[in-house]
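Please open the model in your viewer and keep the selection tool at hand, since this tour moves from one selection to the next.

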Amino acid sequence: MNEIITEKNYPVHWLWVLKPTTLSVSALIILIIMFLGSNHQGGIAEIIVYIALLGFFIIINLILVSSERENFHYSIGENFLTVEQGIFSKERRYIPYGVIQNIFIEQDLFDRIFGLATVIIENASQGSEDLATLQQRKRFATIGFFGNKVIIPGLTKANAETLKGIILQKIKENPIEDNQSGL
Amino acid sequence: MQIAYSKTREQFPLSHKKIIKKTIVSTINIINLLLVIWALSVIIPVLIHKNQKVVNWLKLPPSLIFIFLFLIILLIYLYQRWYFAVYFYDLTPDFIQIKKGPITPREITIPYERIQDVYVDQDFLDMIFGLYDVHLSTATISSGIEAHIDGLEKQTAEGLRNIILQAIQQKISKNRNANISTGSNPIG
């Protein structure tokens, strides 16, 4: 297998873009139901403001997440797993296969409903970030790399399994004892 | 229910006592939670309207409470049986694979060479039931959380531990020998 596999082969599904907004969208729906259910007395203006605000945030979120998705690239090259991310500040990370510690395949409720899966690849480094930034990003990161994780979300279940298989094969071909530092 | 058998699970099966143990643990947790919610829902209205009488809306007949409890336990038991059935672990020639969770599955794959330690432990209920957990961990935090096979009898736990340790040993020495014979190790 000499060709380089990238996100073009196993893309992040567009449906995934909706995932980070599921919570705010459900809040929006509840607000709209409240609005329709209210007997059009006082407080209507307030509810409309809330709906507008929430709608605005959802749109901003959708734009951010989809541009995150646009700017996320990975490629499984011969010796390194290369991951690129960043909308304004670009980052690129090279991970030698020999140092990959474990691979996760995860499906949460959203993923189960839409038949998607997330692949998470971990090595033992903390990346080049300081701990405070790391803590901050841990809470929000859903795509790309941070700390010791590389997250490839929104793959179809079958693609996730194939991708896992490819990376495991790479790990097997690059045992750590050949090359202690991995570089 | 169809059990997710692998070669490893056939050889080192999970104990069925695990279902009972987990049912007990989850029941205790859920009842605790319900008690807290109930207590808060009684206390908070009293705190807000100081003069109001305590409205004990949970004035249900004991028989109803028992039926409710029974239903909760039944649901938990069925879920635990499902969890037990889909619990998957397999030792392939190169990797260890553990997968659990019927609704939101999480699967971890670990190469033998990356395992940092293997340990066996028991919590309090495990001691009562005579169960053991086999934990593996690599250098990552999440593997410590995720990679364990719990609810094994003493003999199977020991067997599983030994076979994993053996596999790690073989893997490492095989790689080392390969390096010595080909001289491909740049460090020595």
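## A hairpin to begin with

Start in chain A by selecting strand 3 and strand 4, which form a hairpin with five residues between them, and look in the turn for Gly86(A), which has a positive phi of about 115°. As you look, bear in mind that this is a predicted model. The two strands of this hairpin, of which strand 4 of chain A covers residues 91-96, pair in the antiparallel sense over six bridges. To see one of these pairings, pick Gln85(A) and then its bridge partner in strand 4 of chain A, which is Glu91(A).

Keep strand 3 of chain A selected and add strand 2 of chain A, because these two strands also form a hairpin, here with three residues between them, and the definition of pairing by bridges applies to them. Strand 2 (residues 73-76) and strand 3 (residues 80-85) of chain A run antiparallel and are joined by four bridges. Select Tyr74(A) here, and you will find that its bridge partner in strand 3 of chain A is Val83(A).

## A sheet built from both chains

Now show both chains and follow an open sheet of seven strands, whose order is 7(A)-8(A)-6(A)-5(A)-3(B)-2(B)-1(B) and whose pairing is antiparallel. Which strands stand at the edges? They are strand 7 (144-146) of chain A and strand 1 (88-91) of chain B, and each has a single partner strand, so one side of each is left without a neighbour in the sheet. On average, neighbouring strands of this sheet are turned by 15° against each other, direction ignored.

Begin at the chain A edge, where strand 7 pairs with strand 8 (residues 149-156) of chain A in the antiparallel sense over three bridges. Gly144(A) is a good residue to click on, and its bridge partner in strand 8 of chain A is Ile151(A).

Then move to the place where the chains join, selecting strand 5 of chain A and strand 3 (residues 106-111) of chain B, which run antiparallel and are joined by four bridges. Within this pairing, Ile105(A) stands opposite Glu107(B) in strand 3 of chain B.

Next, add helix 5 of chain A, which lies across strand 5, strand 6 (116-122) and strand 8 of chain A together with strand 2 (95-100) and strand 3 of chain B. This helix runs at about 140° to strand 8 of chain A.

## Where the chains meet

Widen the selection to the whole interface, in which 28 residues of chain A are in contact with 30 residues of chain B. The two chains bury about 2,300 Å² between them, with 49% of it on carbon and sulfur atoms.

How many salt bridges are there between chain A and chain B? The count is three, and one to display is that between the side chains of Glu106(A) and Arg106(B), which meet at 2.2 Å, N to O.

Turn to the side of chain A that touches chain B, where strand 5 (102-106), helix 3 (109-114) and helix 5 (157-173) of chain A are the elements that give two or more residues. The largest share, six residues, comes from helix 5 of chain A. If you colour this side by class, you should find ten nonpolar, seven polar and eleven charged residues.

## A last stop in chain B

Finally, select strands 4, 5 and 6 of chain B, which form an open sheet in the order 4-5-6 with antiparallel pairing. Strand 4 (117-121) and strand 6 (148-152) of chain B stand at the edges with a single partner strand each, so one side of each is left without a neighbour in the sheet. Strand 5 (residues 132-137) and strand 6 of chain B pair over four bridges, and here His135(B) stands opposite His148(B) in strand 6 of chain B.

How values were computed
Residues are numbered from 1 along each chain as its sequence is written. Chains are lettered from A and ligands numbered from 1 in the order in which they are written. This is a predicted model: local features need pLDDT of at least 70, side-chain atom pairs count only at pLDDT 80 or more; totals for chains, interfaces and linings use all residues. Side-chain values use heavy atoms; hydrogens and water are left out. Contact means heavy atoms within 4.5 Å. Buried area is the accessible area (1.4 Å probe) that two parts lose on being put together, summed over both. A salt bridge is a side-chain nitrogen of Lys or Arg within 4 Å of a carboxyl oxygen of Asp or Glu. Ala, Val, Leu, Ile, Met, Phe, Trp, Tyr, Cys and Pro count as nonpolar, Asp, Glu, Lys and Arg as charged, and the others, Gly among them, as polar. Axes are lines fitted to C-alpha atoms, for helices over the stretch in contact, and angles run from 0 to 180 degrees between N-to-C directions.
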